[in-house]
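Reader: Could you take me through the main nonpolar core of this protein, and then show me how the rest of the chain sits around it? I'd like one connected walk rather than a list.

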Amino acid sequence: MSKRETYEQRTEALLMPLMEQYQLELVDVEYVKEGGSWYLRAYIDKPGGVTIDDCEVISRALSDLLDEQDYIEDAYILEVSSPGLGRPLRKDKDFDRSIGEKVDIRTFRPLNHQEEFSGILREYDKHTVTIDLENGETMHLDRADIALIRLAFDF
């Protein structure tokens, strides 16, 4: 297991009791390097959306726990936020919640000469994602080919 995966899993384990205590949902945890800085990000949600106060409470509590555990070797910036409008689908519960919703998909390599697809999420399993395209066709994509799948948002 990579250092990144270890940090994400340990942080998720710290967050789960806080999620239960404050009746929040942990959407995702990521440990990434951007612009020369490391970021530890926790995305939280609840019905009706999270508030700044929710993020602040979790951020303070998580910061204290991270200081106690002290398992992250690098200097990092802690961020706790909402997953946002274009929330990525990563776990089965994300896919379950999004059946019947419009999604945007980006693939690692071109499929039928394109790398971006939009459609209504119809079904998924361990290996495939099925969407209904706007032209009425149904498309089956291998999950291994998908770089990003997220809820679509139109302005």
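Author: Let's start with the term itself: a nonpolar core here is a set of buried Ala, Val, Leu, Ile, Met, Phe, Trp, Tyr and Cys residues joined through side-chain atoms within 4.5 Å. Keep in mind that this is a predicted model. The largest such core has 20 residues, and the ones with the most contacts inside it are Leu15, Met19, Ile44, Ile58, Leu66 and Ile72. Who supplies it? At least two residues each come from helix 1 (3-22), strand 1 (25-34), strand 2 and helix 2. Helix 1 is the top contributor, giving 5 residues. As background, nonpolar side chains tend to be buried together in soluble globular proteins.

Leu66 is a good place to zoom in. Leaving out residues up to four places away in sequence, Leu66 touches Thr11, Leu14, Leu40, Tyr71, Ile72, Tyr76 and Leu78. Now go to the end of helix 1, where you'll find Tyr22. With a relative accessible area of 38%, Tyr22 is partly exposed, and a core residue has to be buried, meaning under 20%, so Tyr22 doesn't qualify as a core member. Tyr22 still touches Val57 and Ile58, again skipping residues up to four places away in sequence, and Ile58 is one of the core residues with the most contacts. To get a feel for helix 1, look back from Tyr22 to Thr6: they are 16 residues apart in sequence, and their C-alpha atoms are 25 Å apart in space.

Next, the strands. Strand 2 (residues 37-45) and strand 3 (residues 76-81) run parallel and are joined by 6 bridges. To get from strand 2 to strand 3, the chain passes through helix 2 (residues 52-69), and this β-α-β crossover is right-handed. Within that pairing, Arg41 stands opposite Glu79 of strand 3.

Further along the chain there's a second, separate core of 15 residues, with Ile105, Phe117, Leu133 and Leu141 among them. Thr107, in strand 4 (residues 102-111), makes a handy landmark over there. Thr107 is buried, at a relative accessible area of 3%, but threonine isn't one of the residue types that count for a nonpolar core, so Thr107 can't be a member despite being buried. Its contacts beyond four places in sequence are Gln114, Glu115, Phe117, Leu141, Asp145, Ile146 and Ala147, and both Phe117 and Leu141 belong to the second core. Thr107 and Leu141 are 34 residues apart along the chain, yet 9.1 Å separates their C-alpha atoms.

Ile146 and Ala147 also turn up in the lining of the largest pocket, together with Pro88, Leu89, Arg90, Phe95, Val129, Arg143, Leu148 and Ile149. That pocket holds about 200 Å³ of space. Strand 8 (residues 146-151) gives the largest share of its lining, with 4 residues.

Stepping back, the protein chain has 3 helices and 8 strands, in the order α-β-β-α-β-α-β-β-β-β-β along the sequence. Its C-alpha atoms fill a box of roughly 55 × 35 × 30 Å along the principal axes. Of the 155 residues, 36% count as buried. Finally, among contacts with a separation of 6 or more, 52% link residues 24 or more positions apart.

How values were computed. Residues numbered from 1 in each chain as written. Predicted model: local features only at pLDDT ≥ 70, side-chain atom pairs only at ≥ 80, totals over all residues. Heavy atoms only, no water. Pairing = 2+ DSSP bridges. Right-handed = clockwise from strand over helix to strand, strands pointing away. Buried < 20%, exposed > 50% of the residue type's maximum accessible area, 1.4 Å probe, protein only. Contact = heavy atoms within 4.5 Å. 1 Å grid on protein atoms, 1.4 Å probe; cavity = no way out; pocket = protein on both sides within 12 Å on 5 of 7 lines; lining within 4 Å. Points joined across faces, edges and corners; volume = space filled by probe spheres on them.
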